[in-house]
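Trainee: Got a minute? I'd like to go through this one with you.
Mentor: Sure, put it up and ask away.

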Amino acid sequence: TDIWDAVAEVMAGLDERLILFVLAGSDRRELESIGKRRGIRVAFEFFADRAYNKDGSLVSRKLPGAVIHDNDVAAAKVLKLSPAITLDQGAMVEPVAVAVHALGRSAGVAGKKVLVLGAGPIGNLVAQAAMGSGAAKVLITDLSDFRLEIARKCGIPAAVNTAKADLAAEVRRHLGEDKADLILECVGSQATIAQAVGVARKGTDIIVVGVFGEKPTVDLGTV
């Protein structure tokens with residue numbers, strides 16, 4: 001087809017070491033075949049939870065399936081990586097950027113006590129970025145012991161399973177009686193929003209990083 005002829009023409013002029021990242025909306029087998037003929041490695045990053053219109057607007061936050069083939073993605077969302085960047089490093093660019101951007105929404109974390117709710121990939125990176133930015137103390141929470149162990153291996157020693165321990169007590173134990181200066185919600189659930197508001201003190205900043213499938217509610221009486 002015309003589209004694949006155009007892709008082949010573009011790929012023909014690329015350095016063979018270049019990695020072409022192709023987002024949702026492309027046929028993987030066709031591109032892999034073209035790449036093989038041209039001596040170019042082709043890597044794929046698919047959006048499992050969102051799709052875009054041609055103008056870049058968000059179609060949906062949640063779609064079933066791990067590979068979305070039938071949604072157009074703006075050319076501006078296709079990124080060429082330097083040959084010096086490995087696939088593993090390239091895969092970390094977007095989640096690390098999310099973590100750094102989230103912390104950038106605060107007035108700074110140096111010298112502050114930080115609570116991160118959620119120890120998934122984003123929460124883990126938010127906690128690491130906070131530590132790297134000079135936070136005085138960082139506490140991360142989750143319901144998964146596996147994720148919490150990964151967090152400890154990544155250098156985050158204060159990791160608490162809130163299904164097994166009282167969050168308020170653990171916040172005081174790890175961060176002190178004046179609790180957290182900054183709380184980052186990295187789950188996108190009603191439960192963690194309630195936790196963030198519930199353990200905050202007067203003057204605590206709360207930054208919502210998680211993406212919600214449904215609109216959360218906040219107890220304004222507690223706020």
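What follows is a chat about the fold, the sheet, the salt bridges and a few single residues.

Trainee: First off, what kind of model is this?
Mentor: It's a predicted model.

Trainee: OK. How many helices and strands does the protein have?
Mentor: Seven helices and ten strands. The protein has 223 residues, and 40% of them count as buried.

Trainee: And what about the surface, how much area does the protein expose?
Mentor: About 12800 Å², with carbon and sulfur atoms supplying 54% of that.

Trainee: Of the contacts between residues at least 6 apart in sequence, what share joins residues at least 24 apart?
Mentor: That share is 51%.

Trainee: Let's do the open sheet. What's the strand order?
Mentor: Five strands, in the order 8-7-6-9-10, with parallel pairing. Strand 8 and strand 10 are the edges, so each pairs on one side only. From one strand to the next, the twist averages 20°.

Trainee: How many bridges are there between strand 6 and strand 7?
Mentor: Five, in the parallel sense, with strand 6 covering residues 113-117 and strand 7 covering 137-142. Strand 6 is also joined to strand 9, by four bridges, and those two run parallel as well. Another four bridges join strand 9 to strand 10, again parallel.

Trainee: Which residues stand opposite Leu117?
Mentor: In strand 7, its bridge partner is Thr141. In strand 9, Leu117 stands opposite Glu185.

Trainee: And which residue in strand 10 is the bridge partner of Leu184?
Mentor: That's Ile207.

Trainee: Staying on strand 9, which way do the side chains point?
Mentor: Leu182 and Leu184 point one way, Ile183 and Glu185 the other, and all of them are buried. In a regular strand, side chains alternate between the two faces of the sheet.

Trainee: Which helix lies across strand 6, strand 7 and strand 9?
Mentor: Helix 4, residues 121-132. Helix 4 runs at about 175° to strand 7.

Trainee: Switching to charges. How many salt bridges does the count come to?
Mentor: Six. Side chains of opposite charge can pair when their charged atoms come close. One of the six links Lys113 and Asp178, at 2.2 Å from N to O.

Trainee: Where do Lys113 and Asp178 sit in the chain?
Mentor: Lys113 is in strand 6 and Asp178 is in the loop between helix 6 and strand 9, so the pair links distant parts of the chain, 65 residues apart.

Trainee: Is Lys113 buried or exposed?
Mentor: Lys113 counts as buried because its relative accessible area is 11%, under the 20% cut-off. Asp178 is partly exposed, at 41%.

Trainee: What about salt bridges inside a helix?
Mentor: Glu149 pairs with Arg152, the closest N and O atoms being 3.4 Å apart. They are three residues apart in helix 5, so about one helical turn separates them. Both are partly exposed: Glu149 has a relative accessible area of 37%, and Arg152 has 38%.

Trainee: And what does Glu170 form a salt bridge with?
Mentor: Arg173, with the closest N and O atoms 2.9 Å apart. Both lie in helix 6, three residues apart, which is about one turn of the helix. Glu170 counts as buried because its relative accessibility is 13%, whereas Arg173 counts as exposed at 58%.

Trainee: Now Lys179. What's its phi?
Mentor: Positive, about 60°, although Lys179 is not a glycine. Lys179 lies in the loop between helix 6 (167-175) and strand 9 (182-185). Lys179 is also buried, at 14% relative accessible area.

Trainee: Which residues does Thr162 touch, leaving out those up to four places away in sequence?
Mentor: Thr141, Asp142, Leu143, Leu167 and Gln195. Thr162 itself is in the loop between strand 8 (158-161) and helix 6. Thr162 counts as buried because its relative accessibility is 18%.

Trainee: Last one. Which residues form the nonpolar patch on the surface?
Mentor: Met92, Val96 and Val100, with about 230 Å² of accessible area together. Val96 lies in helix 3, residues 87-104.

Trainee: Why can Val96 be in a patch?
Mentor: Val96 is partly exposed, with a relative accessible area of 33%, so it passes the patch cut-off of over 30%.

Key:
Residues numbered from 1 in each chain as written. Predicted model: local features only at pLDDT ≥ 70, side-chain atom pairs only at ≥ 80, totals over all residues. Heavy atoms only, no water. Patch = residues over 30% accessible without salt bridge, like charges linked within 9 Å, V, L, I, M, F, W, Y side chains within 5 Å. Areas by Shrake-Rupley, 256 points an atom, 1.4 Å probe, with all protein chains shown as cover. Salt bridge = Lys/Arg side-chain N within 4 Å of Asp/Glu carboxyl O. Buried < 20%, exposed > 50% of the residue type's maximum accessible area, 1.4 Å probe, protein only. Contact = heavy atoms within 4.5 Å. Axes fitted to C-alpha atoms, helices over the stretch in contact; angles between N-to-C directions.
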